[in-house]
Structure formats: C-alpha cells, structure tokens
Amino acid sequence: MNPPQQQPRKSVTLETVANEAGVHVATAATVLNGAKSNTRVSPETRRRVLDASERLGYRPNRLAQNLRRQCTRTIGLVAGTVENPFFAHMATLCEGYLLDAGYELVMAMDAGRYRDDRALIETVIDRGVDGLIVWNGRETEGRRLVERGLDLPVVIGGFPSEAVDSVAVDFEWGSRLAVEHLLEQGRSDIAFLCPSEAQLLCTAKMRQDGYEDVLERHRLEPRIFTYEGTLGDIGPARAAAEAIGRSDDCPDALFCFNDLVAIGAMMGLRRAGKSLPRDVALVGFDNIPMAAELDVPLSSVDMPIADVCRVAVEMLLQRLRGVEGDPREAVVHPVLYPRASSRRVEG
C-alpha cells in the first residue's frame, strides 16, 4: 500500500492573519510589516494580530517589502579582521545598534585577502547595501573612492573626513592621558612600542604626537621602538619586548600602540626577567575586554568604541531618512582605565 500523500502546506498570507485576528488587512500590514497607515492600532488589536501571526507561522516577505521601499534594509561594515578583538567588538556593537533600528549588517573584514580596500568596499556595495560604515585611517584607494562620492550614504568611523560624515576619535588626547598617568606613577623613561604596520596609519602619528607632546612639556626624551609585525600579531610584540627587556637600557615604562601589542610586551618582558609593574609599567590602547582579566590587569586607554559605533549608526540612519547638508564630524574622547600593570608599587 502506498503511503498517503502529504498535502502541500498552504502558504500563510497577510490576509490569512487578518482573518484569524478579525481585523482588516491594512491593520495587519501596519502591525506586521510596518506599512504606512492612517489607522491607529490599539494595544489589544496589536496583540491579537501578533498572536494570530505566531499561531499561523506567518513570515513577512522581506524581499517584496524591500522592493516596494526601494531598499534592502542592510548596512555594510568595512573594517579590519575580526581576528583582532577590537574589530570583532566593533562589528558586534554596530550589528546591535542596526538591529534595533530594523537593519541588518553585512560585513567585509580585511584579513589580507584583498589587494586593497577598494575591492573590499566594492564587494560590499555589490551586495546592494543601503549605506556604509568604513573604518579607515590612512590614504588608500578605498578611502579615495568613498570620499569622491558614492550613490549611498557613508560614515567613516574613528577618523576625521572633510568629504563625508565621520566620527573621529581624539587619539592624541588618549595618548596624553596614558603618558601623564605613567609620569604620575613616578616613571621617567617612557618608551612607545609600535608595530611597523601601524606606521601606515594616521592613528600611529596621532598617538605618537600625543606621547611626544607630554614628554616635551616635561623635558624628557622620547624613545620610539618599532618592530616588524602587524596590529594583531602578539608574537612579534613579545619578541621585541623581550629584546628591550634584556638590553642594558630598558625603559621603566612602555606605552603600547594597542592592547594586543601590550599583551605581547607583557609576556616578552617577563621572559626577560622583568617584574611588572615594579621594573616596567605598561599601558595599552583600545581597552579590549580581556585587558581587565589578565593575571596582571592591563591599564588601557578606552576608545570608546561603543560611542563611535552608536554615533556612526545614528549619522547613517539620519542620511537614509533624508537628512541633507554638508559633511558632519563628531569627535569622541578616550578615557584611561588605570590597572595593576602601571600603578605605583610601594616599598
């Protein structure tokens, strides 16, 4: 005997939900699809529609909605590799703010697979996103493409721009906080540790300018240590710090380009027999979540990235809602979180 054939399941439409809830189709559309309507929907009616939708398993046709609206309800994020905890945190924050606004995130994170960031940006645009958030702190083909003008709104995060909306971070201010803190802890020979890759970024110059400014005001000589490596490679930072620690002229404090450099430096200095913070004090930059959880909690300058992402998303959504005008620039100021890696050791 042949098994009974399963009847095809009828698709649940908006009209089906409206009939189940006992309301007009326009009312159901207002509740479920965000359709524009002059009808005021009471909380009780809204609840009936939502309950009916859940019972019937109704799923809105997002593609059809987007075609009617001439948008995809997606935003692109172009930034560094998520192997770096800083960029992973940024992606998580942007996604949260966008989801709250009814948008989804499309990410293109640079992990070295693209010849340049222009290809990265064009890849995201080809996905049909409504707008872009770009983290770019240097003069590149991608940045030039964005600043020449695209057919969609763009916000540059972290760094200033005169051509498009931007949310800049005052990196010099953050560096000054770090160096002033180290001086207050009694350190007088403070060096700046930076990977070679960072030298291509304007943020490295901004950090270094803030560092040198404070030392100059206190009539102290700057010491810059660079090493071959990338922003996220702890190994080369560890090797560089170990060499510094074994030298006859080891500084009594290191201000590191970012927290991953500082974590590598912490391991390298220990291998060189240095005690932290008694022999060498350490301060990082970015305040990634693991910084506070290390066995010697790491002092760090907080970006703060949550403010950057929130303001960038707000700026972009305003443009998507039709706000016009000249490019806008917002500035956020870092905050120092002093911890055991840099605090004065008594006795």
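## A walk through the model: two helices, then the rings

Start by selecting residues 14-21 and 25-32, which are helix α1 and helix α2: their axes come within 8 Å and cross at roughly 105 degrees. Keep in mind that you're looking at a predicted model. Angles of 65 to 115 degrees count as roughly perpendicular, so that's the word for how α1 and α2 sit relative to each other.

Now show the side chains where these two helices meet. On the α1 side, pick L14, E15, V17 and A18; on the α2 side, pick V25, A28, A29 and L32. What classes of residue make up the contact of α1 with α2? You'll find 7 nonpolar residues, 1 charged and no polar ones.

**Next stop: F87 and W135.** Select both and look at the rings. Their centres are 6.4 Å apart and the planes stand at 80 degrees; over 60 counts as edge-to-face, so that's what this pair is. Trace the backbone out from each one: F87 belongs to helix α5 (residues 85-100) and W135 to strand β3 (residues 131-135), so the pair ties together parts 48 residues apart in sequence. Are F87 and W135 buried or exposed? Both are buried.

**Then hop to F159 and F171.** This aromatic pair is stacked, with 5.6 Å centre to centre and 25 degrees between the planes. F159 is in the loop between β4 (154-158) and β5 (165-169), while F171 is in helix α8 (residues 171-184), so here the pair ties together parts that are 12 residues apart in sequence. Switch on a surface and check these two as well: the cut-off for buried is under 20% relative accessible area, so F159, at 3%, is buried. F171 comes in at 1% relative accessibility, so it counts as buried too.

**Zoom out to the whole cluster.** Select F86, F87, W135, F159, F171, F192, Y211, F255 and F285 together: they form one aromatic cluster. Both pairs you just visited have their rings in that list. The count of aromatic pairs comes to 9.

**Last, colour by confidence.** The chain has a mean pLDDT of 86, and 89% of its residues reach 70 or more. Where is confidence highest, and where is it lowest? Strand β8 (residues 253-256) is at the top with a mean of 98, and helix α4 (residues 62-69) is at the bottom with 48. Have a look at residues 1-9 too: the pLDDT there is below 50, and beyond near neighbours in sequence this stretch has 1 contact in the model. Where pLDDT is low, don't read the predicted coordinates in detail.

How values were computed. Residues numbered from 1 in each chain as written. Heavy atoms only, no water. pLDDT = per-residue confidence, 0-100. Helix = DSSP H or I, 4+ residues; strand = E, 2+ residues; numbered from the N terminus. Contact = heavy atoms within 4.5 Å. Axes fitted to C-alpha atoms, helices over the stretch in contact; angles between N-to-C directions. Parallel < 35°, antiparallel > 145°, perpendicular 65-115°, else oblique. Nonpolar A, V, L, I, M, F, W, Y, C, P; charged D, E, K, R; others polar. Phe/Tyr/Trp six-rings, centres within 6.5 Å; stacked < 30°, edge-to-face > 60°. Buried < 20%, exposed > 50% of the residue type's maximum accessible area, 1.4 Å probe, protein only.
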